[in-house]
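The exercises below concern a single model and ask for strand order, hairpin geometry, helix packing and unusual backbone angles. Each task is followed by a solution that goes step by step.

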Amino acid sequence: MALFEYQSQPPRRSTERRQVEIFARFRRDLENVTIVLKDLSCGGARLEGIEGLTRDEAVTIALPGRKPMIAFVAWAEGMSAGVEFADPLPETEYQHLVD
């Protein structure tokens, strides 16, 4: 009998995630580009349009009508990545962006 059991499924998200197509500004070091958010939650987003990111890397994302915010790369594959916001989006701002 094994002493430890490992779960094969990733942890569940704690906030609702909705599909979107939102242009945002992305900054990493001196690189500043426009990306597309493909889904969004109060806690993070999936983005497309940037490559070469590494897990746990700190980046800055400026959503429309909002000050730039710090996010950390949760995963990256090709031109896509998932990020977790350092400070979650307030629910009212999230609803404004996804509606």
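**Exercise 1. Find the number of residues between the strands in the hairpin of S5 and S6, and examine the backbone of Gly78.**

Solution. In this predicted model, the hairpin of S5 and S6 has two residues between its strands, and Gly78 takes a positive phi near 60° there. The next step is the pairing itself: S5 and S6 (residues 80–85) run antiparallel and are joined by six bridges, and within this ladder Val73 has Val83 of S6 as its bridge partner.

**Exercise 2. Describe the hairpin of S4 and S5, including the phi of Gly65.**

Solution. Begin with the pairing, in which S4 (residues 58–62) and S5 (residues 69–77) are antiparallel over four bridges, with Thr60 bridged to Ile70 of S5. Then turn to the connection, where six residues lie between the two strands and Gly65, in the turn, has a positive phi of about 75°.

**Exercise 3. Determine in which order the six strands of the closed barrel run.**

Solution. A further pairing to place is that of S2 (residues 31–40) with S3 (residues 44–48), which is antiparallel over four bridges and in which Leu37 has Leu47 of S3 as its partner. Taken as a whole, the closed barrel of six strands runs S1-S2-S3-S6-S5-S4, with antiparallel pairing. Neighbouring strands of this sheet are turned by 45° against each other on average, with direction ignored.

**Exercise 4. Locate helix H1 relative to S1 and S2, and explain why its buried residues share a side.**

Solution. H1 (residues 91–98) lies across S1 (18–28) and S2, and runs at about 110° to S1. Applying the cut-off of under 20% relative accessible area for buried residues, one finds Tyr94, Leu97 and Val98 buried in H1. These residues are on the same side of H1 because they cover an arc of only 90° around the axis. What covers the buried residues of H1 includes S1 and S2, whereas Thr92 and His96, on the other side of the helix, are exposed.

**Exercise 5. Assess the phi values of Asp29 and Asp56, and decide whether each residue is buried or exposed.**

Solution. As background, most residues other than glycine have a negative phi. Asp29, in the loop between S1 and S2, has a positive phi near 50°, and Asp56, in the loop between S3 and S4, has a positive phi near 75°. For accessibility, the cut-off for exposed is over 50%; Asp29 counts as exposed because its relative accessibility is 66%, and Asp56 likewise counts as exposed because its value is 58%.

Definitions and conventions
Residues are numbered from 1 along each chain as its sequence is written. This is a predicted model: local features need pLDDT of at least 70, side-chain atom pairs count only at pLDDT 80 or more; totals for chains, interfaces and linings use all residues. Side-chain values use heavy atoms; hydrogens and water are left out. Two strands pair if DSSP finds at least two bridges between them. Axes are lines fitted to C-alpha atoms, for helices over the stretch in contact, and angles run from 0 to 180 degrees between N-to-C directions. Contact means heavy atoms within 4.5 Å. Buried means under 20% relative accessible area, exposed over 50%, partly exposed in between (1.4 Å probe, protein chains only). The arc is that of the directions from the helix axis to the C-beta atoms.
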